[in-house]
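Good morning, everyone, and thank you for making the time. Please have the viewer open while I talk, since I will be going through one structure piece by piece.

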Amino acid sequence: MVAEGDTVIVIYEGVGFNGDYADNDSNDSDNGWSAIIEESEAALNQEPMTLDESDSGVSMAWDEDAGTYTVAIDTSNANVSVDEAYDVSLLLDANENKYFDAEDYEDDYAFDVGTQFEVTDRTVDFAHEANADGQFEIEQQDDGTVAIMGEGTAADGAEYTVSLRSDEANELLTQQVELENGEFAAEFNLSEYEPGFEFTLDIQGSDYDGDRRNAVLVAGDEPAEASFETTDVSAPDNVTVGDDATLDVTVENTGDVEGTTTVTATINGEERTQNVTLDAGASDTVSFDLPTDEAGDVAWSVGDESGTLTVNEQTDDSDDSDDSDDSDDSDDSDDSDNSDDSDSSDSSDDSDSSDSSDDSDDSESSDDGTPGFGVAVAAIALLAAAMLALRREN
């Protein structure tokens with residue numbers, strides 16, 4: 001696409017030769033190279049219009065050293081029309097080239113390659129949308145500057161003058177701009193003016209007479225930023241001395257971009273801080289250790305949230321209850337095992353030793369007052385009575 005008035009330049013590269021000469025000895029300066037410009041679509045019942053280097057506004061050149069062939073078409077002078085497309089073809093006539101034999105090629109052409117361009121109106125305009133009142137709404141940035149954007153069909157480097165005028169302020173501001181890739185931008189400092197300020201815009205160039213447009217200053221969008229909100233705060237109410245306890249704070253980034261915030265907690269009058277970085281929409285929980293090394297109350301607060309942790313002494317009651325082990329002194333009641341000394345009563349086996357009166361000595365061992373003593377005494381008494389009776393009979 002090329003704007004009317006611009007020059008189309010087509011460069012073919014790698015246009016050179018190596019090898020032995022053919023039989024023909026042409027001395028043509030272009031060595032058989034040429035180009036032809038032809039309408040892509042001809043009018044009804046007409047032959048397509050063609051141009052070559054003999055026509056006005058068309059020039060061609062072969063650079064043997066660089067191996068290039070250049071075609072230039074000045075659309076302001078050449079016989080080309082707006083909104084029409086044209087094919088550019090590079091040709092090699094074997095009859096005019098000393099490296100080729102024309103007999104080897106149909107129509108005598110050994111090479112044919114093409115490209116295409118279209119001619120369009122030459123235009124330039126502002127790239128802002130008008131509101132219902134027909135005004136361009138120009139956004140004012142935080143530093144007071146405004147950017148005036150535009151676009152055009154001319155080639156890169158086309159120069160224009162953008163002007164900003166205010167009858168209210170009786171001021172004219174101008175700036176030179178160049179088209180690049182079909183676009184331009186001009187920047188003006190309007191820090192002295194507030195949103196609602198009205199002015200006119202104009203653009204002029206050697207190929208454009210200008211078109212004044214009304215505009216109004218509006219506040220620019222607020223820059224995207226992070227915003228943080230505390231969504232939850234929690235801590236235990238009671239713990240025992242030495243237990244672990246934390247104050248947990250959940251923070252969410254409700255803004256549009258990543259950011260870092262500082263979470264501040266006050267614990268027993270002492271401020272503690274932690275930084276947290278969050279993506280937009282993300283949340284995280286930060287924790288602060290609460291002191292539990294001694295009994296008492298620990299006061300804490302985060303923003304409007306506050307509370308108290310009660311740290312309790314360790315109670316020994318539960319340990320004393322373990323003294324029930326002392327109740328195991330019932331083991332002492334097991335001294336009933338001593339009652340098992342009744343095994344001594346089994347010394348009645350010794351009474352069986354009455355078969356030998358000398359064994360009566362054994363009965364003296366029942367000094368411990370056991371029933372065995374009484375039995376032994378009774379046995380001796382009976383024996384004494386029997387002996388007394390015998391003596392009386394004698």
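I will go through a sheet, then the aromatic pairs, and finally one loop residue. Please keep in mind throughout that this is a predicted model.

Let me begin with the sheet, which is an open one of 3 strands, arranged in the order β2-β6-β5 and paired in the antiparallel sense. Its edge strands are β2, covering 7-13, and β5, covering 58-63, each of which pairs on one side only. Going from one strand to the next, the twist averages 10°. If you look at β5 together with β6, which covers residues 68-74, you will find an antiparallel pairing over 6 bridges, and as a point of orientation within that pairing, Val58 stands opposite Ile73 of β6. As a general reminder, strands in a sheet pair through backbone hydrogen bonds, in either a parallel or an antiparallel way.

Now to the aromatic rings. How many aromatic pairs does a search of the whole structure find? The search returns 4, and I will describe two of these. One is made by Phe126 and Phe136, whose rings sit 6.1 Å apart centre to centre with 65° between the planes, which makes the pair edge-to-face. Because Phe126 belongs to strand β9 and Phe136 to strand β10, this pair ties together parts that lie 10 residues apart in sequence. As for the surroundings of these two rings, both Phe126 and Phe136 are buried.

The other pair I want to show is that of Phe197 and Phe199, which is stacked, at 5.7 Å centre to centre and with 25° between the planes. Are these two residues buried or exposed? Buried means under 20% relative accessible area, so Phe197, at 5% relative accessibility, counts as buried, and Phe199, with a relative accessible area of 3%, is buried too. Ring pairs also bring in Tyr193, so that Tyr193, Phe197 and Phe199 are linked into a cluster.

Finally, let us return to β9 and β10 and look at what lies between them. The loop between β9, residues 124-126, and β10, residues 136-140, is where Asn131 is placed. Which residues does Asn131 touch, once those up to four places away in sequence are not counted? They are Glu137 and Val216. With Glu137 there is also a polar contact, which joins the two side chains at 3.3 Å.

That is where I will stop, and I am happy to go back to any of these views.

Notes:
Residues numbered from 1 in each chain as written. Predicted model: local features only at pLDDT ≥ 70, side-chain atom pairs only at ≥ 80, totals over all residues. Heavy atoms only, no water. Helix = DSSP H or I, 4+ residues; strand = E, 2+ residues; numbered from the N terminus. Polar contact = N/O pair within 3.5 Å; in protein donor to acceptor, adjacent residues only side chain to side chain. Contact = heavy atoms within 4.5 Å. Phe/Tyr/Trp six-rings, centres within 6.5 Å; stacked < 30°, edge-to-face > 60°. Buried < 20%, exposed > 50% of the residue type's maximum accessible area, 1.4 Å probe, protein only. Pairing = 2+ DSSP bridges. Axes fitted to C-alpha atoms, helices over the stretch in contact; angles between N-to-C directions.
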